[in-house]
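Colleague: Please pick one spot where two helices pack and take me through it up close. Then set it in the context of the rest of the chain.

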Amino acid sequence: MAYQVLARKWRPRSFETLVGQEHVVRALTHALSTGRLHHAYLFTGTRGVGKTTISRILAKALNCETGVTATPCNQCSACLAIDADRFPDYVEMDAASNRGVDDMAALLDQAVYAPVQGRYKVYMIDEVHMLTGHAFNAMLKTLEEPPEHVKFIIATTDPQKIPVTVLSRCLQFNLKQMPPGHIVAHLTRLLEAEAVPFEPGALRHIAKAASGSMRDSLSLLDQAIAHGAGKVEEQAVQDMLGTVGDDHLYAVLDALRAGDVTALMAAVEGMEARSLSFESALQSLAALLHRIALVQLAPTALTDESEAARLAPYSEAFDPEFLQLAYQIVIHGRDELPLAPDETTGFSMTLLRLFAFRPEQPAGLGGVLASGGGEGLARAMPVASRVAAPAMRTPNQTAARPPAPAASAPDPISAAPRPVASAPVPAKIDVSPPAAPAVFSRCSGAGQGCRTGCGNAGFRQQRAAVGGFASRSR
Ligand SMILES: [Zn+2]
């Protein structure tokens, strides 16, 4: 038998095996079992989320020889014929290539005749937003009051382009994008059934690249099996997709966590040596920071358990505010990439900015969660106080020193009273807190603006360039 691509071979044939669209399945199952059937359904959703699949299952449910049922038998001649795409009463029309009023008229002419073999004539019109205005008008009357034996299923990736007159005549279902966890689980089941050896990490890359489309993920999986000569390995999949391996990004995070600027620059060099795209690296880094923030604040949102476990140490090391700031630095760094002297410089500068703004100590320094939220002003303060920390290091100290609490740090400066860093910040204080003598002395020495918010214009401009994180929250 000829090879059949995975997306077709593994197309779900019943509502139970359909992945990820439980809300639609529940509504349709209920309607089928109680006999309350609408005559026109509209399925919306991006490519490869199951529009055609649901439509075929629905056609079987309506025409199965065991009767109208939510669980078609998949064995009778009607079910088999619909699966094999040769059932005379199930018509799939692609509106992208049959978009004119004549095509629609021909379809509607046929609709008045009784079904040849089945109980219902089911018309599935895909990409319905491509129809011309005249074609839409031609179908309105029939769509409102079709003959008893006709059911319409219309599907689109772009519901905005469908006239309201059509929308109001249909029962609308929005199909959801597949979460990566669902895709990974489905691909795992499928590869086990196909007896193809695989590495779980590879499937995560595929799920990410498919961006919510199950069909895309299956096509990529086909490609990966061919690429890997019968097995699916993480490294091979990364090469195939041309993605930056997450390992580099984790190396960046590790360096930030350890306060190790040498390791940070080594990560840049490693990526440059492999000519990886810095732009997509920044994109992935932003996505990674987002997921770490999710682990911290909304752990249930992350369905992939192994990923959650991998991100857990970072969610403990970085506090919520730093993650917000880091996210902004990274997306702005991506914006600025074309302006940089060259991509490497732009990328490396963005990482250095992350380093300069990182918190000195891992546990929340009067963190936003501990203080119960507080005012916007109060939130801004810890950032300003934390960014002061890197300025206090001498260059040869940076690499080796562990992220010790500020109070026990060996710096001579920190022996001076540091109300900015350690004391709880009163909510009403303005950007210019009563600066400690140590802060003043550093400020006058630096010349290019104080990073503690003592009012020097240089610092304000710097913060604005980072994305107004501090100034917007005020
Ligand atoms: Zn059947």
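Modeller: Let's go to α5 and α6, where V101, D103, M104, A105, L108 and A111 of α5 meet H134, A135, A138, M139 and T142 of α6. "Meet" here is about contact: two residues are in contact if their C-beta atoms, placed from the backbone, lie within 7 Å. Sorted by class, that contact has 8 nonpolar, 2 polar and 1 charged residues. Ala, Val, Leu, Ile, Met, Phe, Trp, Tyr, Cys and Pro count as nonpolar, Asp, Glu, Lys and Arg as charged, and the others, Gly among them, as polar.

Before going on, bear in mind that this is a predicted model: local features need pLDDT of at least 70, side-chain atom pairs count only at pLDDT 80 or more, and totals for chains, interfaces and linings use all residues. Residue numbers start from 1 along each chain as its sequence is written.

Now the geometry. Helix α5 covers residues 101-111 and α6 covers 133-144; they pack at about 15°, with axes 8 Å apart. The axes are lines fitted to C-alpha atoms, for helices over the stretch in contact, and angles run from 0 to 180 degrees between N-to-C directions. The two helices are therefore roughly parallel to each other, a label for angles under 35 degrees (over 145 is roughly antiparallel, 65 to 115 roughly perpendicular, the rest oblique). Their crossing is right-handed, meaning the near helix is turned clockwise from the far one by less than a right angle; anticlockwise would be left-handed.

Just before α5, look at G100, which sits in the loop between β2 and α5. Leaving out residues up to four places away in sequence, G100 touches T132 and A135. G100 and A135 are 35 residues apart along the chain, yet their C-alpha atoms are separated by 5.7 Å. G100 has 14 C-beta neighbours inside 10 Å, so it counts as partly exposed. For that scale, C-beta atoms are placed from the backbone, and a residue is buried if 20 or more others lie within 10 Å of its own, exposed if 12 or fewer, and partly exposed in between.

Next, the sheet. It is open and parallel, with 5 strands in the order β2-β3-β4-β1-β5. Strands β2 (90-94) and β5 (171-174) are at the edges with a single partner strand each, so one side of each has no neighbour in the sheet. On average, neighbouring strands are turned by 15° against each other, direction ignored. Two strands pair if DSSP finds at least two bridges between them. β2 and β3 run parallel and are joined by 5 bridges, with V91 partnered by Y123 in β3. Strand β3 (residues 121-126) is mostly covered, as 5 of its 6 residues are buried. At the other edge, β1 (residues 40-44) pairs with β5 in the parallel sense over 4 bridges, and F43 has F173 in β5 as its bridge partner.

Zooming out, the chain has 23 helices and 5 strands. These are DSSP runs (H or I, at least four residues, for helices; E, at least two, for strands), numbered from the N terminus. Of its 474 residues, 36% count as buried. Among contacts with a separation of 6 or more, 70% come from residues 24 or more positions apart.
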